[in-house]
Amino acid sequence: MLTITGQSISSELAIGTIRFYRHIKNIIGDTVAEDSQAELIRYQSAYQTSMDQLEHLYHKTKLEISAAEADIFEMHRMLLADSRFHHAIEQAIIKQSKTAEYAVYSVGQDLWERFIAMEDPYLQARGADIQDVMNRLLYALSGKKASSFDHISEPFILMAQDLTPSETVQMRSPNLLGFVTHQGSPYSHAAILAKTMGVPALMHIDIDENWDGHLAIIDGEKQCLYIDPDEELLREYQTKQYSEQKKREELLALRDLPAVTQDGHKVKLYANANSLTDLSAAAENGAEGIGLFRSEFLYLNTYEYPDEEMQYEIYKKVLEQMKDKHVVIRTLDLGADKKSPYLTLEPEENPALGYRAIRICLSQPELFKVQLRALLRAAAHGKLHIMFPMIISLWEIQSIKELLETCKKELTEKGVPYGDPIIGIMIETPAAAMIADSLAKEVDFFSIGTNDLAQYTLALDRNNALLHTFYNPHHPALISMIEMTTQAAHRHNIPVCICGESGADLTLTKTFLTIGVDSISVAPGALLPLKKTIRETESNCPRNENQ
Ligand code: PEP
Ligand code: MG
């Protein structure tokens, strides 16, 4: 048995088999090939290797596990043999001179997107099988074995050197128990995604590929990982897991009760969501709405920027699923660590201080207008709040408003119906906090993004794991900015939400309540512990007239 300590993002625990993930980005390499014939031969050989592997796995699993489990590999064989899939890859190599890897990746990714957009949950789930087949081909091309995807139908702990936000999004699966990585920081988007998925993540672990297939325990509270735990420890953790489950069930009794302090101060509790799947988790945990829907995560893996119709359908679905509840959709917040294949971003020396979020949108108005029109149209179906990230000045809001008016005009001219959304901004830069009074006159609400506000106030990169000990969400400068922002908002009668990770930090709850924030938005799994804390707290907060 091995015990290794790392850095954890939550106190949760997981027990399961390790599946090692090797980065696809390390496998893909060049996108254009000089010798298409040679690429075609490489692809055909990888195809045959993958077919042979699947046949072997089918027989092995049928013999050693069950016929039902073995059928998964038979289905993968059928997918791989599908002449349209096969033909599309060959055409991409021959006609578009793509490398075999890039042809497999782009065709597979395209098919995956079509499956996950399907209404039928069975067909939607087939998206994971397509990824599995695509990964198998990629590994075969690289000469490596795709061991981590052989038994994806079982619960697993995912181990990787590092995970980008887009890779983390792709890992979403009901079988995923937790993440273990070497790199990453608790405030990175990969960590935030893990929290929203409700699974533990342990970082800073010196990982070893030989642990693939071994049993492990993640103890988020002790921030450690046990590999091949002995029977005694395993039993101890199974009992602990059972009592954690009981505690969670007890918390469910609070689901429909208000988040009100001992002295009668009421706060609204919303959920942060990164996908449509998170909406059910939000409802199960009693969210009063969605306080932050990170729209960029919907399209992080797509090769083409989703058109207006596609975006409209998704935003409409969010509103319909949330019924009449409060919904805040944040516009594209790409750049820094969030990169999407459809938007080529030049390498930058300081990406966190660079071309990101609203800066990209205002520099590329045609791209931005696609999202704005989709959001305006969706606003006809519910109470939609649109929120803009990374604001630093008044002219940005004025430019956004002008673009919104242009979009409304375009829709009117085409006779397309649209609604009247509520407009707000994220306060996540010190500049915005300092001029909160002027900004408050222009918008309907504020939402404080403590992750970025901490990054920019404390001058430290939130993705740099080496700075973890310096990253202090309790820093007085930060608390002071939150207080200033809240007071400015209330002077202008607009509400303030906290939507960064600090919202789930129970040691800060009383501070936020005393400051008088109107709502807090956290990962769905953090809602009930937060509500319990609020209900046990004396806020000492003067009643807010906005409530
Ligand atoms: C934040 O910065 O606090 C925030 C909520 O946005 P994100 O984490 O997506 O940058
Ligand atoms: Mg942010």
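Two strands pair if DSSP finds at least two bridges between them. With that in mind, I turn to strand 9 of this predicted model.

Strand 9 covers residues 268-273, and 5 of its 6 residues are buried. It is joined to strand 16, residues 519-522, by 4 bridges, and the two run parallel. Within that pairing, Y270 has S521 of strand 16 as its bridge partner. Strand 9 is also joined to strand 10, residues 289-294, by 3 bridges, again in parallel. There, N272 stands opposite L292. Together with helix 10, residues 277-284, strands 9 and 10 make a right-handed β-α-β unit.

Next, the metal site. Which residues are the protein donors of the magnesium ion, ligand 2? They are E428, through OE, and D452, through OD, at 2.0 to 2.1 Å from the ion. This pair links distant parts of the chain: E428 lies in the loop between strand 13 (422-427) and helix 15 (430-434), while D452 belongs to helix 17 (residues 450-457), 24 residues apart. Both E428 and D452 are buried.

I turn now to the cysteines. A search of the whole structure finds 0 disulfides. For C361, the nearest cysteine sulfur is that of C407, 12 Å away. C361 is buried, with a relative accessible area of 1%. C224 is likewise buried, at 3%.

Finally, confidence. The mean pLDDT of the protein is 89, and 93% of its residues reach 70 or more. Over residues 146-151, however, pLDDT stays under 50; the model has 21 contacts beyond four places in sequence for this segment.

How values were computed. Residues are numbered from 1 along each chain as its sequence is written. Chains are lettered from A and ligands numbered from 1 in the order in which they are written. This is a predicted model: local features need pLDDT of at least 70, side-chain atom pairs count only at pLDDT 80 or more; totals for chains, interfaces and linings use all residues. Side-chain values use heavy atoms; hydrogens and water are left out. Donors are N, O and S atoms within 2.8 Å of the metal (3.2 Å for Na, K and Ca); water is not among the atoms, so sites may look incomplete. Buried means under 20% relative accessible area, exposed over 50%, partly exposed in between (1.4 Å probe, protein chains only). A disulfide is a pair of cysteine sulfur atoms within 2.5 Å. pLDDT is the predictor's confidence in each residue, from 0 to 100. Contact means heavy atoms within 4.5 Å. A crossover is right-handed if, with the strands pointing away from the viewer, the path from the first strand over the helix to the second runs clockwise.
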